[in-house]
Amino acid sequence: MNEKELKELLLKENEEFRKLFNEHQSCEKRLDLYKSKHILTEKEKLEEKELKKRKLSLKDRMYGIMEEFRKSHPAAR
């Protein structure tokens with residue numbers, strides 16, 4: 001099972017993964033708004049930095065869930 005297939009499976013079957021994925025997407029959309037601006041206020045710069053940290057944290061947790069799934073389901077490797 002490749003990474004894309006595993007993500008699709010977990011999105012259907014794992015509520016925690018789905019919540020993390022949705023929050024990750026939300027962070028991505030907010031970051032896209034900041035990328036489209038030419039100049040950010042100090043507050044926006046701070047929020048952008050925090051969003052990047054949060055997004056990375058969410059991604060790390062999602063990959064952790066994927067790894068746990070692979071370990072507990074050898075056929076999924």
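Me: What makes the link between the side chains of Glu-44 and Lys-37 a polar contact?
Reply: The distance is 2.2 Å. A polar contact is a pair of N or O atoms within 3.5 Å; within protein, one must be able to donate a hydrogen and the other to accept it, and residues adjacent in sequence count only if both atoms are side-chain atoms. A value of 2.2 Å is within 3.5 Å, so the pair counts. This is a predicted model: local features need pLDDT of at least 70, side-chain atom pairs count only at pLDDT 80 or more, and totals for chains, interfaces and linings use all residues. Residues are numbered from 1 along each chain as its sequence is written, and side-chain values use heavy atoms, with hydrogens and water left out.

Me: Why is Glu-44 called buried?
Reply: Its relative accessibility is 14%. Buried means under 20% relative accessible area, exposed over 50%, partly exposed in between (1.4 Å probe, protein chains only). Since 14% is under 20%, Glu-44 is buried. Glu-44 lies in helix H3.

Me: Which residues does Glu-44 contact, leaving aside its neighbours within four places in sequence?
Reply: They are Tyr-34, Lys-37 and Ile-39. Contact means heavy atoms within 4.5 Å.

Me: Why does Glu-48 count as buried?
Reply: Its relative accessible area is 16%, so Glu-48 is buried. Glu-48 also lies in H3. With residues up to four places away set aside, Glu-48 touches Leu-31, Tyr-34 and Leu-40.

Me: Where does Lys-53 fall, buried, exposed or partly exposed?
Reply: Lys-53 is partly exposed, because its relative accessible area is 47%. Lys-53 is in helix H3. Its C-alpha is 9.8 Å from that of Cys-27, though the two are 26 residues apart in sequence.

Me: How many helices and strands does the chain have?
Reply: It has three helices and zero strands. Helices (H or I, at least four residues) and strands (E, at least two) are DSSP runs, numbered from the N terminus. From the N terminus on, the order is α-α-α.

Me: How do you know what span to expect for H2?
Reply: The rule is 1.5 Å times one less than the number of residues. H2 has 22 residues, so it should span 32 Å, and its end C-alpha atoms are 32 Å apart. The two values agree. H3 fits the rule as well: its 31 residues reach 45 Å, close to the 45 Å expected.

Me: Which residues of H2 are buried?
Reply: They are Phe-17, Leu-20, His-24, Cys-27, Leu-31 and Tyr-34.

Me: What puts them on one side or on several?
Reply: Their arc around the axis is only 100°, which puts them on the same side of H2. The arc is that of the directions from the helix axis to the C-beta atoms. An α-helix has 3.6 residues a turn, so residues three or four places apart point the same way. These buried residues pack against H1 and H3. On the other side of H2, Lys-19, Lys-29, Leu-33 and Ser-36 are exposed.

Me: What makes Asn-14 a cap for H2?
Reply: A side-chain oxygen of Asn-14 lies 3.1 Å from the backbone nitrogen of Glu-16. This caps the N-terminal end of H2.

Me: What makes the largest nonpolar core a core?
Reply: A nonpolar core is a set of buried Ala, Val, Leu, Ile, Met, Phe, Trp, Tyr and Cys residues joined through side-chain atoms within 4.5 Å. The largest one has 15 residues, and Leu-10 and Phe-17 have the most contacts inside it. H1 (3–13), H2 (15–36) and H3 (42–72) each supply at least two of its residues. H3 gives the most, with six. Leu-10 touches Phe-17, Ile-65, Met-66 and Phe-69, residues up to four places away not counted.

Me: Why is Leu-6 called buried?
Reply: Leu-6 has 0% relative accessibility, so it counts as buried. Leu-6 is found in H1. Apart from residues up to four places away, Leu-6 touches Met-1, Met-66, Phe-69 and Arg-70.

Me: How do you know how the chain compares with a compact globule?
Reply: Take the radius of gyration over C-alpha atoms; the globule rule is 2.2 Å times the number of residues to the power 0.38. For 77 residues that gives a value near 11 Å, but the chain has 15 Å. Its C-alpha atoms fill a box of roughly 50 × 20 × 15 Å along the principal axes.
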